[in-house]
Structures are given as C-alpha cells and as structure tokens.
Amino acid sequence: MENRILKVTDLSIGFEENKQFTQVVKEISFDVGQGEIVGIVGESGSGKSLTSLTIMDLLSHTAKVNKGSILFEEKELLTLPMEEKRKLKGKDISMVFQEPMTSLNPLLKVGPQVEEVLVLHKDGEKKAYKERVLSMFQDVGLPNPEELYDKYPHQLSGGMRQRVMIAMAMILQPKLLIADEPTTALDVTIQKQILELLLKMNRKYGTSIIFISHDLGVVKKLCNRVIVMCEGEIVEQGKISDIFDHPKEAYTKKLLAAVPSIKANEAFSELAVTGTEKESTPILTVKDLNVSYKVKGKGLFKKPEEKHIVKGVSFTINEGEIFGIVGESGCGKSTLSKAIVGLNKHTQGSLELKETNPQMVFQDPYSSLNPAKTIGAILSEPLIIEGKLNSKERTEKVEQMLEEVGLPKDYSKRNIAKLSGGQRQRVAIALALMTNKKFIVLDEPVSALDVTIQDQILKLLKRLREEYQLSYLFISHDLNVVYELCDRIAVMKDGIIVEQGTKDEIYYNPKADYTKKLLNAIL
C-alpha cells in the first residue's frame, strides 16, 4: 500500500505471570494508509484493544511484545526512545479509550483536563487554550460548553464523558487517531454526530483512523477496510463491501448473523413477546415522579440549589414484562433508574415497587465492581449476606452463573483488571442474577459487548424472564437492541417521557417528533 502511515508486521503480544507466558496476540500484520479509516472487529478478548495499547506504548508491566514491528511514518515505535514517544503521543498519535470514567481524572474538571493536552505540547498561544477547548466541545456535540468546562467527570452522563474523551484526543488534529469503542456509550443521534465528526476530521485534515468496535453497523458506515480478529489472530481482512457482503470465513459470518436490526424484525419472532396481551399485576408503578439532586449555590453563602432531572414521569411495569427506556445522553434515564433502586432519595411523587432490594446492572462495570476482589468473591458476596447456602453450594452457584453469562468457570479466580470490557459487563450481569430477585434494572447492560455475546446475553435475559417470571427495566441507547428485547418502550427527552407504548407502536407508528428523530438516526 502506498502512503502507509502505519505498518504492523508479525506482531505478537502476551502476558508473563508466575514465570509462565501466555500468548494473546499472534503474529498479526496490517497496514493503515494515509487518510484511511480501518475498522477492527471481533469478540471481547480477541486482542483488539491490546493491539491498540501496544501502538500507544501503554501496555501493563506484565504484558510483553515478543515479536514484530510497528512502523509509524517509517519510525519503529517498539524501539523509539521514550522522549520521542512522548512527543508523538497525543500530538501525532492519539487515542480514545473504551471507558471514559476510568480514563478521566475524577479530581479535575473536564475543561482543564482537555486543556492539559495543549499545555503539555505547548501548542499555540496559552490565552487561546480555553477557547479552543470550548470550540472542540461544541464540535463533539456537548451542550453548554462554558458550563461543562467547569464540571467534574461524575457530573456528566456516560455519553457526555465519552464525548469529552473524543475532544481530548482530537484537539491537536493527530495524524493517526485510535478510537477504541468511541461510540459505545452514545445514543444514536450523538453517535451519528460523532461519526460525522470523525469523517470530517478524516476528510479535512487527512487524519487516519483505527476504529475498534463491536458495532458492525457503525464499522460498515464509517470504515474503508475492516480487520476481523478472533482469539488473537486476524481471520479475515479486506474492503467493507467484500467482508460484509461476501464474507469467506465462518467466524465472520457468525458475527454478521448476530447483529440485531429492527429492519429485519421477522427474524426475531422467536424473541418477540407482547406483554400487554397478558393479564398481569404491576411490579412497579411510577406516578408523577420528580427526581433532583443538590448543586452548589452561586456565591459564598448561598444554600445548595435543587436541580430537577426527572420531571413528572409516569409508567407501569407488569410482572414478567421487559420495559425499555430510550433517549439521548443526559435525558434522565440513569437518574430515574437510580431513584427506582433507592440510590437517589431526592424524589417527589409516587413510586410503588413490590420487589424488595431490586438489583441493578450499572453502565460502567469497572467502576461498579470491586477491583481488589476475585470474581468468585464478588459473586459470592450477596449469597453470603443471604446466608442460605454453604461454601460448597456458593462455589457451585458462582461457577454455574459464570457459564450462564458466557464465561469459563475458572474465571472465578481472576480479578476485574484481567478481563476485557465485555467480560466485565458479563460479570456485572451475573452479579445481578445471583440472588434470583424478581425485578432487575439494567442500565446499558450490553453496551460494551460484542455482537455475539450481546446476542447470548439478550437470549439469556429473555429465557430467565420466561422461566422465573422476572421483570426488567431495560435502559439503552441502542434502538435495535431495545426493539429485539422489550415488550413496551418509553421515550425520554429532557427529563420527561414524550411517548410510550408497545414496541411496534413506537417503532412503526411514532407520534412524537423526537421519537421520529431517534429512529431516523439508526444506522
């Protein structure tokens, strides 16, 4: 390939622990051309993110490159002096990480964090730094840039944090941008904006992009070529049209077959259940619910003010029903879910729940699971609190649940840091299912999963619902996933429900303009 900006040749990466070496990435080779967008797809643990971290020289101390070459503009990155690497990182090569909450400093406001990139590289006039940050915030679709500049990461929604990460990576207009699941936490309208922004950067500045994603629809929309990885090897690579329309390998065909789509809803008749056809009693009734939180008052002696996030929301979830909530980042979906499980006490209105101690699967598994404990200890904890099972029975239950969510039972001895993003999310789902509660709140439970594991988890949730008459509140930005799984759906915007009904009513006969806008943004 002429005008290659990156050339990876026979790259092998592994982990050394207790004097044993485990090969994870196995002699992979690929190119990225000047101005080209190359997608890398594959299941969790296939080596996608590990490859990108190697290019950025961000491997952990236990990881080791034992073979291969990485040439960036003919410079060998694996042997480049540290001072030269520092000059390249952030300026010529930049990266958007998969989990923004663990990548952003929780003690610093997001504006100064992005501005720090300009400071470190001494790029341009200092007096213009803040204006450049505000301009980039606007470019990536963040509302009220001036206000957001002085907010901390925990004060932003998951999607907004991801957009801050994208702004940080793109502010110096790098020659190569590595985007590791950059649209994972974004709703469809913002996802569309971000993809258009990446395309704009690519076309205007010639920025080459390595785009890592489990969302094959996004990869097909954005990329010129695609690389398919499985268990550390490249099984197939080529032009988008060749791979998506005429895949050669069985693994590639398996990935494509697992992609959910409302445009092919007849394929999901096995999963489709209309909850309103059954007579059922409500497990959750929400009426005129308002949810707020305290914000610091303006001025030295001002009292904290109350900011309303959820405004007059009403809906009912029946026993055995899956109720979906969709809407853009910051609309109040996660705030509502936390109020339902008792994590936000600043509420007004009526909230009646038959189930005690409902379980919740959070959006970011790395920050919600204890990194100091093994997976087995994490999953055993609710069983120990209940006190109904002995040690042997708890171990058996943990191993059974790991296999239910698609993880080997020996993963009980690992800790969270040694799992991929998708594997962590599966542990979080397993934890919510451990005590067989009848009502579970799922906040973006499959957002970090590749399509095949996502398909398994959705079928698992559906099967468990049927077997044990479970009820779910399912929150997601992925409208295809919501259509596949849910019986009824509510659409939220700016803290209110603008429309609700059966999934077919919402998707095929939407009444609200906002609902139509969301549906039109589906890739």
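Met95 stands opposite Ile178 in strand S7. Strands (E, at least two residues) and helices (H or I, at least four residues) are DSSP runs, numbered from the N terminus. The model is predicted: local features need pLDDT of at least 70, side-chain atom pairs count only at pLDDT 80 or more, and totals for chains, interfaces and linings use all residues. Residues are numbered from 1 along each chain as its sequence is written, and side-chain values use heavy atoms, with hydrogens and water left out.

Strand S7 (residues 176–180) runs parallel to S6, joined to it by 4 bridges; two strands pair if DSSP finds at least two bridges between them. An open sheet of 6 strands has the order S6-S7-S8-S3-S9-S10, with mixed pairing. Its edge strands, S6 (93–96) and S10 (233–239), each pair on one side only. From one strand to the next, the twist averages 15°.

Two helices lie across strands of this sheet, as tabulated below. Axes are lines fitted to C-alpha atoms, for helices over the stretch in contact (heavy atoms within 4.5 Å); angles run from 0 to 180 degrees between N-to-C directions.

| Helix | Strands crossed | Angle |
|---|---|---|
| H1 (residues 48–55) | S3, S6, S7, S8, S9 | about 150° to S7 |
| H11 (residues 250–257) | S3, S9, S10 | about 105° to S9 |

The structure holds 0 disulfides, a disulfide being a pair of cysteine sulfur atoms within 2.5 Å. Cys223 is in no disulfide, and the nearest cysteine sulfur, that of Cys230, is 19 Å away. That separation is too far for a bond. Cys223 is buried (under 20% relative accessible area, 1.4 Å probe, protein chains only), at 8%. Cys230 is also buried, with a relative accessible area of 18%.

Methods
Buried < 20%, exposed > 50% of the residue type's maximum accessible area, 1.4 Å probe, protein only.
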